[in-house]
Amino acid sequence: MTTFVDRVELHVAAGNGGHGCASVHREKFKPLGGPDGGNGGRGGDVVLVVDQSVTTLLDYHHSPHRKATNGKPGEGGNRSGKDGQDLVLPVPDGTVVLDKQGNVLADLVGQGTTYVAAEGGRGGLGNAALSSARRKAPGFALLGVPGATGDIVLELKTVADVALVGFPSAGKSSLISVLSAAKPKIADYPFTTLVPNLGVVTAGSTVYTIADVPGLIPGASQGKGLGLEFLRHVERCSVLVHVLDTATLESDRDPVSDLDVIEEELKQYGGGLENRPRLVVLNKVDIPDGKDLADMIRPDLEARGYKVFEVSAVARTGLKELSYFLAEVVAKARARKPKQEATRIVIRPKAVDETGFTVTFDEAEDVYRVRGEKPERWVRQTDFNNDEAVGYLADRLNRLGVEDELLKVGARAGDGVAIGSDENAVVFDWEPSMMAGAEMLGRRGEDHRMEAPRPAAQRRKERDARRGDSAQDEYDEFRPF
Ligand SMILES: Nc1nc2c(ncn2[C@@H]2O[C@H](COP(=O)(O)OP(=O)(O)OP(=O)(O)O)[C@@H](O)[C@H]2O)c(=O)[nH]1
Ligand SMILES: [Mg+2]
């Protein structure tokens with residue numbers, strides 16, 4: 001028997017962007033031929049794609065760590081690095097993607113539906129691309145951005161049109177085995193079926209799927225038996241079929257009270273199943289007592305509004321009528337549903353706003369915290385061992401208005417500034433470098449940004465001391481950009 005896996009935790013890592021290259025063209029008699037460092041390649045994405053031939057998440061259970069390939073670095077002679085390859089992970093139709101907190105990120109229904117679980121990092125620009133009229137021969141290149149990483153949870157909610165529910169041994173699996181080509185395990189002891197079975201039924205011109213879930217017993221909603229856990233596999237069905245055993249040997253059971261029990265459990269489960277269209281199948285009417293009981297309770301059930309079918313999965317009677325009726329119900333439900341197009345869903349890490357940024361004072365860390373997609377990415381692209389690269393970063397931040405904003409919210413030279421979230425921020429002492437800062441503070445500062453950040457308490461003390469006298473004296477070096 002193949003193992004059925006319907007929930008896995010997956011660790012995904014997109015490829016890193018390749019670093020840009022800083023290189024100068026060399027030729028005989030032309031010692032400085034201009035910058036010719038190529039760009040780094042883009043890192044590959046990790047992409048989930050619905051593939052209807054995949055039916056379980058088993059593969060991911062065995063190997064839950066998945067990584068796309070990195071982009072290659074750029075090279076001299078204007079050669080760009082190759083892009084990393086996307087890692088395509090096929091998932092079954094009806095896979096739900098959740099974060100670790102249980103929030104639904106995407107519900108993947110329909111062949112070809114795609115979800116980018118982790119976006120590859122951008123490649124860094126080489127110095128050829130970075131050159132401009134103002135900066136003719138940059139002696140630096142941008143670093144590739146690390147690919148996104150994260151943990152996601154995949155849950156399978158089988159996509160079946162028809163779902164069979166009922167007590168253990170009511171004959172659900174038997175029914176699937178005679179309505180479709182599926183060959184589930186059938187036996188006379190309860191809980192033969194431990195995981196959902198899916199069968200494909202053709203009735204006239206309609207082809208539909210029918211699912212059988214493990215039997216339910218009173219108290220399933222409290223976890224009795226196999227519980228209600230598997231009901232999520234029938235949440236998407238168009239119609240529920242109560243399979244009732246008319247020939248049970250248990251003295252305290254009869255089809256009508258069985259029906260009430262299952263109805264109560266469905267109500268407890270919720271999930272929309274409580275008001276799904278449903279019908280009743282009275283099974284095992286090949287047994288004479290069963291047939292008598294079925295005939296007896298049938299009017300009662302019809303009075304309750306149920307469409308009732310009497311069948312025998314063993315003698316194969318009443319099946320054609322049932323399967324054609326189900327086909328009709330399914331076809332109607334499909335006509336009502338808007339056509340599901342294959343979609344591509346991309347969820348990017350939450351930035352404050354794609355183009356903007358925010359500056360707030362973080363009391364706990366005693367830093368001014370800059371958040372935003374661009375500033376955070378720019379920091380990751382910067383080679384802090386290269387002064388020119390650091391200067392370029394300062395330039396970019398200033399042009400975006402980060403320095404102005406820092407001044408506006410009250411930051412002063414020497415205050416701590418953190419770019420990025422708490423865990424992966426780059427922290428440095430702020431030294432206003434451009435016009436706005438220069439006017440207010442009288443001097444321009446130097447970039448010695450990548451000194452090891454000092455503890456918050458120390459920074460706070462230093463700042464208080466600075467605020468006491470004049471902030472001017474420490475900054476005497478002018479740094480042109
Ligand atoms: N006489 C008779 N026996 C049946 C009929 N349908 C199923 N059975 C028997 O009932 C028993 C249980 O059948 P299953 O199909 O395994 O029942 P199930 O509802 O799938 O049970 P679980 O998987 O345990 O929930 C088996 O011994 C079947 O042979 C029927 O129409 N007539
Ligand atoms: Mg079964």
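The legends below describe close-up views of a predicted model.

**View 1. The magnesium ion and the two residues that coordinate it.**
The magnesium ion is ligand 2, and its coordinating atoms are OG of Ser173 and OG1 of Thr193, at 1.9 to 2.1 Å. The two residues bring together distant parts of the chain, 20 residues apart. Ser173 belongs to helix α3, which covers residues 172-179. Thr193 sits in the loop between α3 and β10, the latter covering 197-203. Ser173 has a relative accessible area of 8%, which is under 20%, so Ser173 counts as buried. Thr193 is likewise buried, at 11%.

**View 2. Ligand 1 and the residues around it.**
The shell of ligand 1 holds 24 residues. The closest are Ser169, Ser174, Thr193, Asp286 and Ala313. By type, the shell has 11 nonpolar, nine polar and four charged residues. Helix α3 is the element that gives the most to this shell, with three residues.

**View 3. Polar atoms of ligand 1 and their partners in the protein.**
Which side chain has an N or O atom 2.7 Å from an oxygen atom of ligand 1? That side chain belongs to Thr193, a residue that also coordinates the magnesium ion through OG1. A nitrogen atom of ligand 1 lies 2.7 Å from an N or O atom in the side chain of Asp286. The backbone takes part as well: a polar backbone atom of Val314 is 3.2 Å from an oxygen atom of ligand 1. On its own, ligand 1 has 660 Å² of accessible area, and the protein covers 88% of it.

**View 4. The largest nonpolar core.**
This core has 26 residues. Leu175, Leu322 and Leu326 are the members that touch the most others. Two or more residues come from each of the strands β9 (162-165), β10, β11 (206-212), β12 (239-245) and β13 (278-283), and from the helices α3 and α6 (319-336). The largest share, six residues, is that of α6. In soluble globular proteins, nonpolar side chains tend to be buried together.

**View 5. The loop between α3 and β10.**
Ala187 and Phe191 are shown here; Ala187 lies in the loop between α3 and β10, and Phe191 lies there too. The C-alpha atoms of Ala187 and Ser173 are 9.1 Å apart, with their positions 14 residues apart in sequence. Ser173 is one of the residues that coordinate the magnesium ion. Are Ala187 and Phe191 buried, exposed or partly exposed? Ala187 has 28% relative accessibility and counts as partly exposed. Phe191 is partly exposed too, with a relative accessible area of 24%. The backbone of Phe191 has a phi near 60 degrees, a positive value in a residue other than glycine. Most residues other than glycine have a negative phi.

**View 6. Arg316, a second residue with positive phi.**
Phi of Arg316 is near 55 degrees, and Arg316 is not glycine. Arg316 is found in the loop that runs between β14 (308-310) and α6. Its relative accessible area is 56%, which is over 50%, so Arg316 counts as exposed.

**View 7. A polar contact between Arg236 and Asp107.**
The side chains of Arg236 and Asp107 are joined by a polar contact of 2.8 Å. Arg236 lies in the loop between β11 and β12. Is Arg236 buried or exposed? With a relative accessible area of 19%, under the limit of 20%, Arg236 counts as buried.

**View 8. His19 beside Leu142.**
His19 is found in the loop between β1 (7-13) and β2 (46-50). Along the chain, His19 and Leu142 are 123 residues apart, while their C-alpha atoms are separated by 6.4 Å. His19 is partly exposed, with a relative accessible area of 40%.

**View 9. Ala418 in strand β18.**
Strand β18 covers residues 416-419 and includes Ala418. Ala418 is buried, with a relative accessible area of 1%. From C-alpha to C-alpha, Ala418 and Val359 are 9.5 Å apart, and in sequence they are 59 residues apart.

How values were computed:
Residues numbered from 1 in each chain as written. Chains lettered and ligands numbered in written order. Predicted model: local features only at pLDDT ≥ 70, side-chain atom pairs only at ≥ 80, totals over all residues. Heavy atoms only, no water. Donors = N, O, S within 2.8 Å, 3.2 Å for Na, K, Ca; no water. Helix = DSSP H or I, 4+ residues; strand = E, 2+ residues; numbered from the N terminus. Buried < 20%, exposed > 50% of the residue type's maximum accessible area, 1.4 Å probe, protein only. Near = heavy atom within 4 Å. Polar contact = N/O pair within 3.5 Å; in protein donor to acceptor, adjacent residues only side chain to side chain. Areas by Shrake-Rupley, 256 points an atom, 1.4 Å probe, with all protein chains shown as cover. Nonpolar A, V, L, I, M, F, W, Y, C, P; charged D, E, K, R; others polar. Core = buried A, V, L, I, M, F, W, Y, C linked by side-chain atoms within 4.5 Å.
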